[in-house]
Amino acid sequence: MTSDFCRSELVLAGRRRRLSASDQLALQLHLRECESCRLTHLFGGAFDATSQIHADDDRRLDEMLAASDRWFVQPRTLVRGNSRNQRLKVIGFAAVILATATAAAAAIAIRASESNLPPLAVTGSSGATQAQRHAAGQKPMPLGAGMSVTTVTPQAQPPEASTAAATKLTAPHVNRASPDANNVELAAEQLLKLATQARRDGSFAEASRLYRRLQRLYPASRETGLSRVTYGSLLLEQRQASPALYQFNRYLSTDSTQNLAAEALYGKARALAMLGRSAEEMVTWQLLLDKFPKSPYISNAKKRLASTP
Amino acid sequence: MPAVDARSEPTSGHRSTARRVDELLLVAREAAQGSAPAARTLVLHVGPAMLMTIRKILGPSHPDVDDVAQDAVLALLDALSTFRGDSSVMTFAHRVALLTSLAARRKSATRQKYHHFAALELEIDLSYSSPQSILLAKRRRELLLQLLDDLPEATAEALALHFVLGMTVEEIAEVACAPENTVWSRLRLGKQALRRKLSTDSTIADFLAEAE
């Protein structure tokens, strides 16, 4: 119960319809005096009128259950911005990486000073650590696990640095923290290829796993958009109409290119037919007819529309 | 005045017994430990309430309600492992649905679309005494939702939990894991922003008028 500086609890109790007659009178009197509670009453009350139940709720609940099942096959691991514990974990992980990179760079610098070797450029996630060594050969330095070396030839260096060899040392796991767009696209492309191959091989479970992984890791990629339609079709083949419908709807509502819109509409109509939602199915067939009159699915659309009184 | 259980569900539509809340907590714990049947049971119980919250934010006939509902379920299952039981499971699910809906609204690419559908929204409730009341309620909803789009996330969340879901300050503090004073402060800032929005447009002055 809120009891600070005004009787706002009356407003909330009123919204919960738990006021006695005398409390209702008290609320009316209070609302005349308290502008803050009047705001809450007027604007909050406007939301209380929303219907508790909607005509499509059974279908939506069914789709929510299907989403729950999908989650257990391939759980997501979201890093939510408002989770303090997860933020701390991310910060801790970054700190460990930074400390590891710094320690490795320091070890290399010490070794370089001891062995009288040429200068070495060391870059980590911070990009600021430099180890210098003397010019005396180009042998790669021994490295810790997970580290790689790129040796820059002396010809590539400016004249003043021609006597020195610069070696860039990077930790792959640090680089993954800020992948460039090409890396993301490549990974998404690979996942889509693997999923497609698994589908062609008849491995439904593996293909599903890969499609979900692709959609989870790269939700905004072009490959994910494409996968919506192919994965939806795969689900339809398995008679999983509800999740298939979700995939087709998702493609139609989010994909910017809409290159596969005809296929998505065709799949959506079939999924709706499988679910027995004939009214929506007919609307979808009609939409397919109107938008893509030359698509190969037109004959199916016409047959279905003609078969319905 | 009758006793109001601060731990009970946030609005009149979410009332349930303490026994039900305890049952959901056990189910939530099992789901967090990887039990798919428990997750299904949980979704079956909290799903309708989550749908109602989503409809309050997006409007009842918006085409993205389906997607947002499924996203909210996934977000809920993701978050179960971090749920400490400070609030009821139902309240927690409401909050997840609310945040998912608000995030969907905030996507700038779809904002205009939401406004369009908000304009089409028609909620008819018999508790209103006149068409004028219905219209004013609809405009108040639209105005507040537009404000929530523009406010900082923490302020918008507190304001939405208070106005849309009817949560008390204590309930908001529990579910948002924030001190009560912080929640009071956020609500104060949110209401100030609402007043500013009302004062800058003379055409919406009637929002403050009691139509009933």
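Q: In this predicted model, is helix α8 of chain B largely enclosed or left open by the rest of the structure?
A: Let's go residue by residue: α8(B) covers residues 169-176. The buried ones are Val169(B), Glu170(B), Glu171(B), Ile172(B), Ala173(B), Val175(B) and Ala176(B). That's seven of the eight residues, so the helix is largely enclosed.

Q: Which helices do the buried residues of α8(B) pack against?
A: The buried set includes Val169(B) and Ala176(B). Their packing partners belong to chain B, and they are α4 (89-106), α7 (153-163) and α9 (180-199).

Q: What residue follows α8(B), with a positive phi?
A: Look just past the end of this helix, which spans residues 169-176. The phi there is positive, near 55°, and the residue is Cys177(B).

Q: How do α10(A) and α11(A) run, roughly parallel or roughly antiparallel?
A: Helix α10 (residues 241-254) and helix α11 (residues 261-275) of chain A pack with their axes 9 Å apart, at an angle of about 150°. An angle over 145 degrees falls in the antiparallel class, so α10(A) and α11(A) are roughly antiparallel.

Q: By class, how many nonpolar residues are in the contact of α10(A) with α11(A)?
A: On the α10(A) side, the contact includes Leu245(A), Phe248(A) and Leu252(A), while α11(A) brings in Leu265(A), Lys268(A) and Met274(A), among others. Sorted by class, there are one charged residue, three polar ones and, for nonpolar, 12.

Q: Why are Glu63(A) and Arg59(A) separated by about one helical turn?
A: These two form a salt bridge, with the closest N and O atoms 3.4 Å apart. An α-helix has 3.6 residues a turn, so residues three or four places apart point the same way. Both sit in helix α4 (residues 57-73) of chain A, and the reason for the one-turn separation is their spacing: four residues.

Q: Which residue of chain B pairs with Arg250(A) in a salt bridge?
A: Start from helix α10 of chain A, home of Arg250(A), and cross to helix α3 (residues 65-79) of chain B. Both partners are buried. The closest N and O atoms are 3.8 Å apart, and the partner is Asp67(B).

Q: Is Arg105(B) buried or exposed?
A: Its side chain meets that of Asp149(B) in a salt bridge at 2.6 Å, N to O. The pair links distant parts of the chain, 44 residues apart, with Arg105(B) in helix α4 and Asp149(B) in helix α6 (residues 131-150) of chain B. Buried means under 20% relative accessible area; Arg105(B) has 2%, so it counts as buried.

Definitions and conventions: Residues numbered from 1 in each chain as written. Chains lettered and ligands numbered in written order. Predicted model: local features only at pLDDT ≥ 70, side-chain atom pairs only at ≥ 80, totals over all residues. Heavy atoms only, no water. Buried < 20%, exposed > 50% of the residue type's maximum accessible area, 1.4 Å probe, protein only. Helix = DSSP H or I, 4+ residues; strand = E, 2+ residues; numbered from the N terminus. Contact = heavy atoms within 4.5 Å. Axes fitted to C-alpha atoms, helices over the stretch in contact; angles between N-to-C directions. Parallel < 35°, antiparallel > 145°, perpendicular 65-115°, else oblique. Nonpolar A, V, L, I, M, F, W, Y, C, P; charged D, E, K, R; others polar. Salt bridge = Lys/Arg side-chain N within 4 Å of Asp/Glu carboxyl O.
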